[in-house]
Every structure is written in C-alpha cells, then in structure tokens.
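Here is a short tour for anyone about to work with this protein at the bench. Keep the viewer open and follow along topic by topic.

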Amino acid sequence: MTNLEPVIGLEVHAQLNTRTKLFCSCPAGGEALPNENVCEVCSGQPGALPRLNAKAVELAAKAVLALDGEVSPFSLFSRKNYFYPDLPNGFQTSQLDPPVGLGGGLTLTLANGQEKFVRLNRIHMEDDAGKCLHDEKRDKTLIDLNRAGTPLIEIVTEPDLSSSVEAIDFLKKLHNLLVRLEVTRGRLEEGEFRCDVNISLKPVGSPTLGVRTEIKNLNSFRFVGQAIEFEIHRQTAIYAAGGQVDQETLHFDSLKGETRPLRTKEEAHDYRYFPQPDLPPVIVEPELIARLKESLPLPIEKINERYQNMGLQEDFIASLTAWPSALNYFEEALTFYPGPKRVAVLMTELFFPAARQNNLEPSETLLRPAHLAKLARFIDEGRVSKNVAYDIFGDLFASGSDPEIVIKAKGLSLVTDEEAITAWAREVIEAHPLEAQKYNNGQTKVLSFLVGQVMRKSQGTADPKSVSLALRQILFELNEELPY
Ligand SMILES: [Zn+2]
C-alpha cells in the first residue's frame with residue numbers, strides 16, 4: 001500500500017467577549033437561572049427584529065486584522081436553515097458570502113525549527129444555539145436558551161495541517177492571541193473556544209484530497225490530539241483493508257478515546273442559505289479598521305524579545321507568554337509604573353499564587369494592575385518596606401483597595417523623617433551603652449542589632465537605610481566625646 005499522509009483543517013468557534021448577545025440586549029454568559037437571559041429576539045418570537053451588536057463586529061474585525069486577514073468593508077448575514085430543538089428561530093444567523101474576514105493565517109514553528117504558515121480561508125460571525133439538557137429521570141429533554149444568540153466567530157483554516165501536534169500548536173497559538181486581544185475570554189471548559197476537525201488521508205505527495213470526516217465540537221487541546229490520532233488510525237486501517245472512508249460527521253467520545261458517527265454529512269445546500277432579510281449589510285468603516293490596527297498588540301515573538309531586553313527572568317517570561325491574561329495584566333501595570341523588575345517580582349511571589357489559589361484569571365481579580373504597580377513603586381521609592389508590602393498584599397488582593405489608602409490607614413508608611421529616626425536612635429544607644437562601646441571598639445557587627453532595636457521602636461515603619469545612617473552618626477559623635 002502507498003504511504004498515506006493526513007490532511008487536517010480546523011473550524012474554530014470563539015465566543016466573542018461582549019456584554020450582550022449578538023442581536024439583542026440580553027446578557028451574554030454569566031451566572032443565570034435557566035432561560036433567565038432570554039427575550040423575544042433570542043427566543044425566536046414571530047415579528048421580533050434583531051439588531052446587530054456593534055462591539056461584536058469590532059471584536060470580529062480585530063481578530064481578522066490580528067490574523068493578517070482582510071476585513072470586508074461590506075458583509076452580509078444569512079439564514080442557515082436547519083431544525084434543532086435548541087435553535088428557536090429554525091435557522092442560525094451566520095455569514096456565508098461575504099464574511100467579515102477573508103484570508104490571513106498564523107505561522108507555526110515546527111519541531112525541526114522550520115516555520116510553517118497555516119492559511120485561513122475565512123472568519124465569519126454567527127450566533128450560538130441554546131442547550132438541550134437531557135433529564136433521564138423524567139425521560140424528558142429540557143431546553144435552556146440562555147446561550148441562544150451569543151456571538152461567535154468561526155475561524156476556518158485551509159487544510160494545511162498535517163499532524164495532531166501541528167493542530168494543537170495552531171490552536172494554542174490562536175487561543176493565546178485571541179485571549180490576549182480580549183476578543184474572547186476563551187474559557188475552554190465553558191465552551192468559549194471549541195473546534196471541529198476535518199481530516200482525510202491521501203497518498204504522500206498527491207495533490208488530490210481523500211474523503212474527509214469531520215469531528216465535531218472538541219473543547220480541549222488534549223481531546224483534539226486524541227481524536228486526530230484515533231481518526232488517522234481508523235482511516236488508515238480502512239484503506240489498508242481495501243475499503244473506502246465514508247464522508248461523515250463524527251463525535252469524539254473522550255471516555256473511550258474514539259470517534260463515532262453523529263450523522264451523515266449534510267451538503268452545504270441542505271442549509272438553504274439565504275440573506276437574512278431582517279438585517280442590513282454590515283459596513284466596517286475604514287476609520288474603525290485604522291483604529292483597530294493601531295490597537296493591535298505586538299506579536300508574541302517581539303514581546304519575548306522586549307522582556308529579555310528588560311532583563312526579566314526566563315521563567316517569568318515563559319509564564320507570561322503562555323498565560324495571555326497575565327501578560328495583559330503585566331503590560332497594563334507597566335503603563336502605570338515602568339519598573340518591570342519589581343512588578344515581575346510582586347507578580348511571581350504574590351499575585352500569581354493568590355490568583356491560582358482563588359482560581360481566578362488575572363483579568364478577574366479585584367486587585368487592578370494600577371494598584372499592583374503603585375505598590376511596586378512604593379517599594380522602589382522606599383515609601384514602604386518590602387515586609388510591609390508583603391504583609392498587606394493579602395488584604396489588597398481580597399479587597400482591591402488602593403495600597404496608598406491601606407498604608408495610610410494602617411500608619412505603615414516608611415518613616416524617613418530624620419528627627420524621629422534620630423530620636424529613636426539616641427534612645428536605643430542610651431539603653432544599650434555596652435553595644436555602643438563595642439561598636440566604637442571596632443566590633444561593627446553590633447550595628448545590625450542596634451538597627452533592629454530602632455526598627456522595633458518604629459514598629460517596622462522606619463527606613464532601615466536612614467536608621468543605620470543615624471546610628472552611625474550618633475556613635476561617631478559619641479566616640480569623639482569619649483574622655484581619655
Ligand atoms: Zn435576547
């Protein structure tokens with residue numbers, strides 16, 4: 001048998017990070033009782049008219065630009081007709097032609113160090129369906145329409161991927177980029193980033209594609225890898241036995257680690273696409289495109305370089321480049337205080353552990369980047385000691401309070417007031433004449449003991465450098481005055 005190679009394409013669905021749904025003002029996502037976030041539009045009532053969410057268009061266009069695609073100045077919504085109980089309209093409102101974005105792609109670095117450009121075919125907007133919940137006890141199916149009408153973009157690649165490793169690599173890179181752009185929150189477990197995989201086998205080097213199958217709705221990178229591996233083996237075995245692969249839609253059973261037929265593939269014309277008459281064309285103005293282009297962040301490779309130039313630790317850089325929400329947090333903090341090293345230390349030692357412990361993304365924490373930046377600045381400026389900063393961090397993280405207010409309220413500002421420090425230093429020296437004598441006899445190590453005593457008097461608020469200076473000054477004067 002000739003050697004076969006896999007040909008893989010992806011269709012990725014990302015839920016857009018909007019407050020409201022695509023065509024109505026119901027909340028998109030968030031905690032709610034079943035069917036709480038539902039109105040006449042997203043429940044498909046007769047005569048209810050959709051109105052397009054401008055923020056969704058902006059986010060979709062941003063994704064297109066960040067992926068080097070062309071934003072269509074003019075695109076259309078169509079009705080994609082099919083019946084499903086959780087699709088109240090009887091059609092999905094999607095974009096067939098033209099979609100909001102065409103072309104573009106992402107460059108992967110392969111294991112052998114070579115670069116590979118994975119082309120995108122298109123990016124279009126569409127609304128999500130509701131959810132069916134199967135109540136086995138009562139032998140009934142319940143429908144929750146909270147998700148119906150939630151905005152999605154679908155990113156369709158060309159069949160440029162040739163292994164599960166490449167597919168996972170592509171998905172991780174895409175996920176990182178879209179979360180960093182805040183186009184999507186990208187929580188996999190919530191289904192905010194999920195994909196369908198198209199896969200076929202063809203003789204190595206042949207230009208003709210084989211019959212493909214489509215694995216639906218994978219919401220974990222690991223499952224994508226397992227599903228692709230399983231499907232490559234399944235199709236290889238069919239060809240080896242002289243059989244033919246059927247074009248079909250498959251479901252991946254993650255417990256058994258295998259694919260199963262879902263339904264035979266509907267042809268595109270089965271959907272009877274036609275322009276959605278209730279919505280005008282989507283116009284994206286050149287001004288918006290120009291503004292979005294300006295707001296695009298640096299590519300991850302450039303960020304890496306920049307952080308290395310800042311002298312940040314490799315570990316810290318690695319954790320930021322793999323954690324988009326943390327990266328955005330760090331970047332925002334730097335806009336308030338350009339002290340990357342101190343901010344990095346606070347994030348590594350205090351912020352990350354607290355966020356992980358509370359199971360929060362950095363973007364969800366009450367402690368805002370501006371306040372973390374302020375704390376970093378206060379330490380660098382000597383306005384608080386590192387110990388005090390670390391002591392109050394738990395409070396700051398839990399309450400989101402301004403560190404300046406907390407420090408003032410607790411009277412924790414570092415005292416750099418020379419008079420106060422000198423007075424404490426004199427008291428300490430008077431109380432410890434023996435140590436003072438030792439110091440003046442050349443046993444300078446005793447100074448740290450004296451500094452400690454002053455720090456205790458100040459309840460930790462004195463600036464240790466000023467304390468040491470004041471002590472040495474007084475001790476020097478004492479030495480001068482010592483009688484023969
Ligand atoms: Zn609604």
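Two strands pair if DSSP finds at least two bridges between them. With that in hand, we can walk through this predicted model, starting with its overall layout and then turning to strands and a helix.

**Layout**
- The protein chain falls into domain 1 (4–283), domain 2 (298–409) and domain 3 (418–481).
- Taken over C-alpha atoms, the centres of domain 2 and domain 3 are 35 Å apart.

**Strands β4 and β5**
- Four bridges pair strand β4 (residues 78–81) with β5 in the antiparallel sense.
- Within this pairing, Arg 79 sits opposite Thr 93 of β5.
- Strand β5 (residues 91–94) has Phe 91 and Thr 93 on its covered face, while Gln 92 and Ser 94 are on the uncovered one.

**Strands β1, β12 and β13**
- Strand β1 (residues 4–15) pairs with strand β12 (residues 193–203) over 11 bridges, in the antiparallel sense.
- Look for Val 7 opposite Ser 200 in β12.
- β12 is also joined by four bridges to strand β13 (residues 213–218), again antiparallel.
- Here Cys 195 stands opposite Leu 218 of β13.

**Helix α12**
- Helix α12 (residues 418–431) has 14 residues, which at 1.5 Å a residue should span 20 Å, and its end C-alpha atoms are indeed 20 Å apart.
- Its buried residues are Ile 421, Trp 424, Ala 425, Val 428 and Ile 429.
- Viewed down the axis of α12, these buried residues fall within an arc of 135°, so they line one face of the helix.
- Glu 419, Glu 430 and Ala 431 are exposed, on the face of α12 turned away from its buried side.

Key. Residues numbered from 1 in each chain as written. Predicted model: local features only at pLDDT ≥ 70, side-chain atom pairs only at ≥ 80, totals over all residues. Buried ≥ 20, exposed ≤ 12 C-beta atoms within 10 Å, placed from the backbone. Helix = DSSP H or I, 4+ residues; strand = E, 2+ residues; numbered from the N terminus. Domains from an automatic or database assignment. Expected span 1.5 Å × (residues − 1). Arc of directions from axis to C-beta.
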